[in-house]
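User: Hello! I would like to learn how to read salt bridges in a protein model. Could you walk me through it?

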Amino acid sequence: MSDAKIALGVVGLAFLARLVTVMGTALFGTDSGQLLLMADLIVDGRFHEALTITYHPMYPLLVAAARPLFGEAERAGFWISILLGSAAAAPLFLAARDVFGRAAAFLTAVLYAFHPQTLDVHGDIMTEGAFAFFFFSALWLTGRNLETPSIEGGVLAGLAAAASYLTRPEGILAVALAVGWHLAELRRRRERPILRGGAAVLTL
């Protein structure tokens, strides 16, 4: 079985686990009301007022963008958490595979898919699902761009790292990794492809 099929299979398992979790959720968390308020303000075009609420804006922005598809912000918030939290299993598997091999990566992704505490926060209107997707994507894309440098790869890695930070403060770690790892490789290799790829990351 190819790595792509394994990644898709784990994403499917993660999605089913999160969907079942949401079906048993009667209420949303304490932070969820503020995130939904930010989404409503963004929909109304009151961006400055939304940004005065002390949460990073990416998740409310995604909820606001998805609200027309789901009819209301609350439902959109649940689906953003479910879909992105599930999709995060793919870049996690790929990043772990590149470092530890396929077997360890598969076990890592399965543990992520069914971890009880992870299911709880991904089955709620919370930022963790979106953060996991952007953070794991930044890790995988940064590693891949160092192996096969390109401007496009650098742009994608930089965007994923930026989205991670815009979702949760901890995302600054992805930014530090994407920039620091490229700087270290720039100094070590001094190769033209890595220079171009690294420059794409550093300019984002």
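Analyst: Happy to help; we will go through the salt bridges one by one. Keep in mind that this is a predicted model.

User: What is the general idea behind such pairs?

Analyst: Side chains of opposite charge can pair when their charged atoms come close. In this structure there are 7 salt bridges.

User: Which residue forms a salt bridge with Asp3?

Analyst: The partner of Asp3 is Arg97, and their closest N and O atoms are 2.9 Å apart. Asp3 belongs to helix 1 (residues 3–23) and Arg97 to helix 6 (residues 89–100), so this pair ties together parts that lie 94 residues apart in sequence. Arg97 has a relative accessible area of 23%, which makes this residue partly exposed.

User: Which residues are linked with Asp3 and Arg97 in a network?

Analyst: Asp98 and Arg102 join them, and the four are linked by salt bridges.

User: Where else should I look?

Analyst: Try Arg46 and Glu49, whose side chains meet in a salt bridge with an N to O distance of 2.9 Å. Arg46 is partly exposed at 38% relative accessibility, and Glu49 is partly exposed as well, at 37%.

User: And what does Arg168 pair with?

Analyst: Arg168 meets Glu170 in a salt bridge, again with 2.9 Å from N to O. Glu170 has a relative accessible area of 35% and counts as partly exposed.

Terms used: Residues are numbered from 1 along each chain as its sequence is written. This is a predicted model: local features need pLDDT of at least 70, side-chain atom pairs count only at pLDDT 80 or more; totals for chains, interfaces and linings use all residues. Side-chain values use heavy atoms; hydrogens and water are left out. Helices (H or I, at least four residues) and strands (E, at least two) are DSSP runs, numbered from the N terminus. Buried means under 20% relative accessible area, exposed over 50%, partly exposed in between (1.4 Å probe, protein chains only).
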